[in-house]
Amino acid sequence: GPGEKAPLHDRKKEIEEEANKQAEGIEIKVFKISPPVPQELHFLAVTLYRAKDVPPMDKNVIGNPTGIDGYVITKFGDGDPAKSPVVSVKSSSKTGGLLSIEWKVRIFIPVMVPTMTNRIEFRLMDRDTIADEIVGTCPIVDFRQVQDNKYRAPFWLPLYGATYPEKMTYSSDLLKRQATRNSEATTYRGSLLMSLTEAMNKDK
């Protein structure tokens with residue numbers, strides 16, 4: 001009315017009061033972040049005994065099979081591959097015939113447990129002067145089954161790969177996929193005798 005003073009507005013106070021009103025009735029949830037799971041260094045112990053039914057990969061100048069310089073690559077997940085010693089085996093006849101390779105070695109591959117992956121891959125290779133050749137790849141082994149002691153006793157693991165290159169009428173890309181992807185392999189290329197265990201240290 002006449003003679004009354006205009007009210008003074010405290011804009012800062014009004015903003016705070018409005019914010020408090022809006023905050024009323026809102027449930028505030030606090031999310032707890034779980035601490036990282038500690039990992040321990042374990043080892044995948046691969047005991048590699050021998051291979052059987054392996055085709056000769058090397059040939060002489062007139063095309064007769066002469067043998068193989070075989071070794072096995074073991075790969076755990078995306079880690080660096082572990083390589084067995086190279087063992088050379090010569091063919092016993094001009095017609096070749098399937099070969100056997102004997103290693104009797106144990107290879108320890110470091111694994112951080114709990115693991116981020118459980119994929120174990122084995123591949124038989126032939127050492128060559130220019131480039132090593134893939135003989136065959138085994139079906140994937142699950143590390144969890146190793147931890148359950150499924151593979152503690154020696155067992156045979158088959159190798160599959162591409163058909164002989166001289167009999168192929170397809171592209172080299174197909175040959176490579178058949179040699180490296182077990183799901184696309186078309187030919188039995190031998191078997192590996194091995195045992196697999198989880199070890200806490202390299203003494204076991």
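User: Let's start with a pairing. How many bridges join strand 3 to strand 4, and do the two run parallel or antiparallel?

Analyst: Happy to begin there, with the reminder that this is a predicted model. For any pair of strands, look at the bridge count and the direction. Here 2 bridges join strand 3 to strand 4 (residues 82-83), and the strands run antiparallel. To find the register, take isoleucine 73, whose bridge partner in strand 4 is lysine 83. The hairpin of these strands has 5 residues between them, and glycine 77 takes a positive phi near 55° there.

User: Which strand pairs with strand 3 over 4 bridges?

Analyst: That is strand 5 (residues 87-90), in the antiparallel sense. Aspartate 69 has serine 88 of strand 5 as its bridge partner. Strand 2 (residues 58-59) is also antiparallel to strand 3, joined by 2 bridges, and aspartate 58 is partnered with glycine 67 of strand 3. In that hairpin, glycine 63 takes a positive phi near 95°.

User: How many bridges join strand 3 to strand 7?

Analyst: There are 7, and again the strands run antiparallel. As a reference point, lysine 75 has glutamate 121 of strand 7 as its bridge partner.

User: How many residues of strand 3 are buried?

Analyst: Burial is read residue by residue, then gathered by element. Strand 3 is mostly covered, with 9 of its 12 residues buried. For the whole chain, 35% of the 204 residues count as buried.

User: Which residues touch the most other members of the largest nonpolar core?

Analyst: For a core, look at its best-connected members and then at the elements they come from. This core has 33 residues, and Leu44, Phe122, Leu192 and Leu196 touch the most other members. Among the elements giving two or more residues are strand 1 (40-54), strand 3 (65-76), strand 7 (119-126) and strand 11 (187-199). The largest share, 7 residues, comes from strand 6.

User: What is phenylalanine 122 in contact with, leaving aside its neighbours within four places in sequence?

Analyst: Its contacts include Val46, Val72, Ile73, Leu157, Leu192, Met194 and Leu196. For the chain, residues 24 or more positions apart account for 70% of the contacts with a separation of 6 or more.

User: And how should I read the confidence? What does the pLDDT average over the chain?

Analyst: Check the average, then the weak stretches. The chain averages 83, and 75% of the residues score at least 70. Over residues 165-170, however, the pLDDT is below 50, and this stretch has 6 contacts in the model beyond near neighbours in sequence.

Conventions:
Residues numbered from 1 in each chain as written. Predicted model: local features only at pLDDT ≥ 70, side-chain atom pairs only at ≥ 80, totals over all residues. Heavy atoms only, no water. Core = buried A, V, L, I, M, F, W, Y, C linked by side-chain atoms within 4.5 Å. Buried < 20%, exposed > 50% of the residue type's maximum accessible area, 1.4 Å probe, protein only. Contact = heavy atoms within 4.5 Å. pLDDT = per-residue confidence, 0-100. Pairing = 2+ DSSP bridges.
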